[in-house]
Every structure is written in structure tokens, then in C-alpha cells.
Amino acid sequence: MSITSIESVLQQMRVLAQSSGMSAPAGPEAASGGFAGELKKSLDRISDAQQNASSQAEAFELGKPGVALNDVMVDIQKAGIGFQMGLQVRNRVVSAYQEIMNMPA
């Protein structure tokens, strides 16, 4: 699932919260702190790690000096682990959201 899909789920959660009468925080305020802000920061770090690994791999493939294979492999593994962590967090958040939505009123 891509970042846009996660943002879509977050948007659906905001719409449901507003329709239930709960007040949702405004956009900039939600992004600056709290769970939504931390989630965004984490997704940005994951994206940066993947872009860094990709650029390192490309530099190694082009034979640029100063780029060692072991550094490339470590960066790729870090990016993969970060992505898997983000995926697991997303799965847990969606599972918790579904569990809350299935609670009797």
C-alpha cells in the first residue's frame, strides 16, 4: 500500500469523525503534533531512506568512486526494514480502526 492509500484512510477517518459529531483538528495543527504528525514524520523518514538507498545503488552501478557495495547493501536493508515497519504499523492502525468501528454504540 502506498503513502497515498494511507492518506486516503486517514481522510476517511477524519470524515467519519466529523460525521459522528467529534471535532477533528485542523490540517496544520494535526500535522504539527500528535499521532498524525508523528505518522507523517515516520513516513517521510521511510521515503527518504528508500530514495537514499536507490541513489546509492544507482551510483554504485554507474561506478562512481567512493561508493562501496557493503554501504549500498546496508542502505537497501535499512530501507527495507523501515518499509516493513511502516507496513506493520499501518496494518495495526487499520486493524484497530476496524475494531473500534465494529464496537456497539
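Helices and strands are taken here as DSSP runs, of at least four residues for a helix and at least two for a strand, numbered from the N terminus. On this basis the protein chain, examined here as a predicted model, contains 4 helices and 0 strands, and its elements follow one another along the sequence in the pattern α-α-α-α. Of the 105 residues of the chain, 16% count as buried. The accessible surface of the protein chain amounts to about 7,700 Å², of which carbon and sulfur atoms supply 59%. Among the contacts with a sequence separation of 6 or more, 50% are accounted for by residues 24 or more positions apart.

Two of the helices carry the features described below, namely α3, which spans residues 34–61, and α4, which spans residues 69–101. The structure holds 2 salt bridges. One of them joins the side chains of Glu 38 and Lys 41, with a nitrogen-to-oxygen distance of 3.4 Å. Both of these residues belong to helix α3, where a spacing of 3 residues places them about one turn of the helix apart. Glu 38 counts as partly exposed because its relative accessibility is 41%, and Lys 41 falls in the partly exposed class with a relative accessible area of 40%.

The other pair comprises Lys 40 and Asp 44, whose side chains meet in a salt bridge at 3.5 Å, again from N to O. Lys 40 and Asp 44 are separated by about one helical turn because they lie 4 residues apart in helix α3. With a relative accessible area of 43%, Lys 40 is partly exposed, and Asp 44 is likewise partly exposed, with a value of 36%.

A charged residue without such a partner is found in helix α4, in which Asp 75 is placed. Asp 75 is buried and yet forms no salt bridge, the nearest side chain of opposite charge being that of Lys 78, at 4.7 Å. Since a salt bridge requires a side-chain nitrogen of Lys or Arg within 4 Å of a carboxyl oxygen of Asp or Glu, the pair formed by Asp 75 and Lys 78, at 4.7 Å, is not counted as one. The side chain of Asp 75 does, however, make a polar contact with the side chain of Gln 56, at 3.3 Å. When neighbours within four places in sequence are set aside, the residues in contact with Asp 75 are Asn 52, Ala 53 and Gln 56.

Lys 78 is also located in helix α4, but in contrast to the buried Asp 75, Lys 78 is exposed, with a relative accessible area of 56%. The C-alpha atom of Lys 78 is separated by 9.2 Å from that of Ile 46, although the two residues stand 32 positions apart along the chain.

A further residue of helix α4 is Ile 76, which counts as partly exposed because its relative accessibility is 36%. Leaving aside neighbours within four places in sequence, Ile 76 is in contact with Ala 53 and Ala 57, and Ala 53 is also one of the residues in contact with Asp 75. Ile 76 and Ala 49, which are 27 residues apart in sequence, have C-alpha atoms separated by 8.3 Å in space.

Ile 76 additionally takes part in a nonpolar surface patch of about 340 Å², made together with Phe 60, Leu 69 and Met 73. Helix α4 provides the largest share of this patch, contributing 3 residues. Leu 69, one of the patch residues, lies in helix α4 and is partly exposed, with a relative accessibility of 47%.

Methods:
Residues are numbered from 1 along each chain as its sequence is written. This is a predicted model: local features need pLDDT of at least 70, side-chain atom pairs count only at pLDDT 80 or more; totals for chains, interfaces and linings use all residues. Side-chain values use heavy atoms; hydrogens and water are left out. Buried means under 20% relative accessible area, exposed over 50%, partly exposed in between (1.4 Å probe, protein chains only). Lys and Arg count as positive and Asp and Glu as negative; His and the chain ends are not counted. A polar contact is a pair of N or O atoms within 3.5 Å; within protein, one must be able to donate a hydrogen and the other to accept it, and residues adjacent in sequence count only if both atoms are side-chain atoms. Contact means heavy atoms within 4.5 Å. Accessible areas come from the Shrake-Rupley method with a 1.4 Å probe; for residues, only the protein chains shown count as cover. Patches are made of residues with over 30% relative accessible area and no salt bridge: like charges are joined within 9 Å, nonpolar side chains (Val, Leu, Ile, Met, Phe, Trp, Tyr) within 5 Å.
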